[in-house]
Amino acid sequence: MIFVINRVTGKFEDDMRTLREKRTEPGWSFCEYFMVQEELAFVFEMLQQFEDALVQYDELDALFSQYVVNFGAGDGANWLTFFCQPVKSWNGLILRKPIDMEKRELIQRREATLLDLRSYLFSRQCTLLLFLQRPWEVAQRALELLHSCVQELQLLEVSVPPGALDCWVFLSCLEVLQRIEGCCDRAQIDSNIAHTVGLWSYATEKLKALGYLCGLVSEKGPTSEDLNRTVDLLAGLGAERPETANTAQSPYKKLKEALSSVEAFEKHYLDLSHATIEMYTSIGRIRSAKFVGKDLAEFYMRKKSPQKAEVYLQGALKTYLAEGWALPITHTRKQLAECQKHLGQIENYLQTSSLLASDCHLPEEERRHFCQEILSFASQQANSPGHKIVLPMQSLAQLRTLHFDPPSAVVHVGGTLSIAVTLWSHMPIPVSVEQMAVSVHFSLEKNSYRKTAEWLTRHKAPSGTVTFPHEPSRLPAPQDSSPALELHAMFERSPSDNSLNTTGIICKNVHMLLRRQESSSSLEMPSGTAPEDGAPGLKCGGVTLQPGANTVTFRTQAREPGTYTLRQLCASVGPLCFVLPHMYPIAQYDVYSQEPQLHVEPLTDSLLAGIPQKVKFTVTTGHYTIKNGDSLQLSNVEAMLILCHTENRAVIYSNTREKSSSTSLRIQSSEKVTSISLPVAPAYHVVEFELEVLSLPSTPAASRDSDKLVTNESHGKYKETQKAGPGMVTMDHKLSIDCPWSIYSTVIALTFCVPFRTSHTLLSAGTRKYIQVCVQNLSELDFQLSDSHLVNLGDSTDVQLMPLNTQPRQHMHSKQSVFFVWELKWTREPPPPLHCRFSFGFFPASEEELSVSLKPYTYEFQVDNFFTLYSVRAEILPPVGMEYCKTGALCSLEVSITRLADLLEVDKDEALTESEEYYTTKLMYEVVDNSSNWAVCGKSSGVVCMPLAARATHRVRMELMPLFAGYLPFPNVRLFKYLPHHSAHSLQLDADSWIENDSLAVDKHVDDPLESGSVRSRGSTHSSSSAEPRGLPMPRLQAFPAGQVFNASTGLQVLVIPSKDDHVLEVSVT
């Protein structure tokens, strides 16, 4: 059976498909094809295959809709002309019959209209959907069908009487709703309101259109023409169908009753509207509910009940403002303005009119109308003083920028401040403003009396312009959104030493966070924000605001010190006050009362001692007025001179750094005081002048044992400072100044840097001695050096200093060193110690002539025991039978130590030993190769007993191995005094320096020879392996003073050739 059914339906589908493919041929009829495919749907329905049956009707629906769309695009089929017949019946959908045979026969005879076809097709779909238990899909499809039928009638240009389509839609909506209610219980209906509320809203809209069309909403009631139209519409409904004749609330009866009278229409329309609003609200579609409410408000306005309409308009406006819908806001405000005008709500009407006059979504003519409404009211009430009406400033103009003059927004007491405010007028016509006012909040902060103009200016915006949001949203933010916290760190420092006094966190938008939340039903700008009465403020009268940008300038004279914050902006037009309650970002200016101050600073990064340097004096008068005869009294410092010049001038500046005048400066100097006469200057001005000071260069000295500078307390205190430069010595001079405005003295510290660093060195060439003095320029200047001298301050004439420098002058560049050399010659052995003073004249290379003579720079040092006692000579011999030394081959090193003088006073120490023939002393030698070119084989150090007699010589032999080829420098031979352990003036040497000894001793009395067999090579270290018990006293070594040991082999080199079997050649180049 199933097989037979499948075969039959398959054959039927093939035939139907063949017929559908012929739809492009002439004579093809949609009605004939409709009957064929519906038979297939009937088959599926009898087999209870409701889903497959529904598919057939959906295909027919889609095919017909596509033909209608093509017809609207100009590609129409001939058979569509049958459906373009004028509509003569609009009795709505029929859903209570399983099959509407009447309309089916009309389709079969090709006499059905578009509404007949659509009604029959949807009734069959509805029946199948109900069989499938999908009633909510019926509601969804019904709403789509009703809207699509309206569009298809327009596309096919079908003639429809006025109101006929509204009747058909209204009846169809109620029919669908009643059909769904008949198959569902109340609980299901209440839980699925979202599916049916669209039909309720559409029915309400169509009933409203019918009421307007039939004159049932007008104040005077329907006219005869309206009654005739109503009769025609009711006639098009025909007789009520038998299946609904016994139903009390059938769609047919409801429509007929609603159109019967004004009262009946109002009852039905209000019932439908309230039910629709309630349904939308219950499912959260607030905007749709407010839209229906707007229709109700329009209805009440036509019924001359504005008090009822206002509630719905305010609710709709509140929703649109919260969500930011610009065009609905404009339209609703227009309706609300009309309502408020009828109710006589003057303030609310003016507020709404001001917002509409500035609304760019309105045409220019309507904006002018609302603006004239405001100006007319202002002109009528101008002569009758009474209650002020406050309106929002945003409707009149927008605050764009605010500019302070002076730009720092800091002014002294008695000074003048101007504020230029840029306003963008939103009005379409010029508006004459009687007075513009800015209310100011005054606050006196803690320690504000200590804040100077410089401190206040440093914490201000440099441009002096406060920019407000250029194009802020004309719509308020949603209610649940609050501004974000704007937290900023706050540091308050002392004006005197810039130390931190207080710190904290401030919120710059606290006035936005703590503002009062309006509880009114409207989100309009609250009109209750009145201007601050009695608050100090800035005012400007007679201002005309042109459309667009306008500049209004306020001027004020500062009277009391403190901080002034601009709070409100108010524009008065008769009894109307347009108020901006808060200015944000915060705009404020400061008024200060400053104490007189004296500031002294160098014109360069650092002051150099020994040459004239310029120092800038800045006198800030503050609230003090400098009178004739006022002067600065400077107490003279012994080591610093104040140079007086007749061309010294003082310049007077205003508080805004504008030059006021310039006058000569009178300076009188005595032994203890220097008096500087100040020019006459008014309060809150600045007097500046420059002076030249000269710090006398002190005499640094070098100690006997080192080159370290010592302090000369009579001239100043030396110290190292990072600011002066690396290695530069500084001196502080404290200057006491008496000012005419204070009974206390002002102490100023000036720091001078010594531009030179000097050191000396003793050089030897055998027994000949030389003194080298190095002068290093640490400053950034170039100097000319002249008249260099080195003199012996002692009483002895046995030593002469022979200069080797012949140039009288030398140019010394910045960061450059210059050397001076003298040869020492003496006539008595040994020569006495020297106490030397080195001096030279200097002046900046950029200045050929100076107005003051400069004191020469001096440097003192002492040289003791500079004569030569020992001469050390080394010689390297190649292996026997070879001409040159080779790498890896042992060479012989012979060290000769020669005494050049007999017993002297310096030899009398703990190491001195007296024998039968002569005196002896113990010396320790050490061979060290710091460059790691040689490996010392055997003993590298030892102790010898040296006779204290002229030309006494001691020789030591040892073996060396060259590690590299090339010209290798000789290893270094060092010589020390070997002192017993009880010597108190010796130096501790590391263990390896004394444990190695030489087995070849010239004196048989050498005690306790210590040996070591280590080999010195690259990177080798000494090992401490003493055989004595720990805790025993150790012998000590003492280095010879500079010049007493002369190494004759310093700088010598020996040629080393590589071995023949080496594959890798390493050459040392030094």
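**A helix pair and an open sheet**

Helix α16 passes helix α17 in a left-handed crossing. The model is a predicted one, and this pair of helices is a convenient place to enter it.

Two packed helices are described by the angle between their axes and the distance between the axes. Here α16 covers residues 326-343 and α17 covers residues 346-357. Their axes come within 9 Å and cross at roughly 150°. Angles over 145 degrees count as roughly antiparallel, so α16 is roughly antiparallel to α17.

Which residues of α16 and α17 make the contact? On the α16 side they are Thr 330, Arg 333, Lys 334, Ala 337, Gln 340 and Lys 341. On the α17 side they are Asn 348, Tyr 349, Thr 352, Leu 355 and Leu 356. Sorted by class, the contact of α16 with α17 holds 4 nonpolar, 4 polar and 3 charged residues.

Further along the chain is a sheet. It is open and consists of 4 strands in the order β6-β2-β4-β10, with antiparallel pairing. Its edges are β6 (465-467) and β10 (548-557), each of which pairs on one side only. From one strand to the next, the twist averages 20°.

Within this order, β2 stands next to β4. Strand β2 runs over residues 397-405 and strand β4 over residues 416-425, and the two pair in the antiparallel sense over 8 bridges. What stands opposite His 403 in β4? The residue facing His 403 there is Ala 420.

Technical notes: Residues are numbered from 1 along each chain as its sequence is written. This is a predicted model: local features need pLDDT of at least 70, side-chain atom pairs count only at pLDDT 80 or more; totals for chains, interfaces and linings use all residues. Side-chain values use heavy atoms; hydrogens and water are left out. Two strands pair if DSSP finds at least two bridges between them. Axes are lines fitted to C-alpha atoms, for helices over the stretch in contact, and angles run from 0 to 180 degrees between N-to-C directions. Angles under 35 degrees count as roughly parallel, over 145 as roughly antiparallel, 65 to 115 as roughly perpendicular and the rest as oblique. A crossing is left-handed if the near helix is turned anticlockwise from the far one by less than a right angle, and right-handed if clockwise. Contact means heavy atoms within 4.5 Å. Ala, Val, Leu, Ile, Met, Phe, Trp, Tyr, Cys and Pro count as nonpolar, Asp, Glu, Lys and Arg as charged, and the others, Gly among them, as polar.
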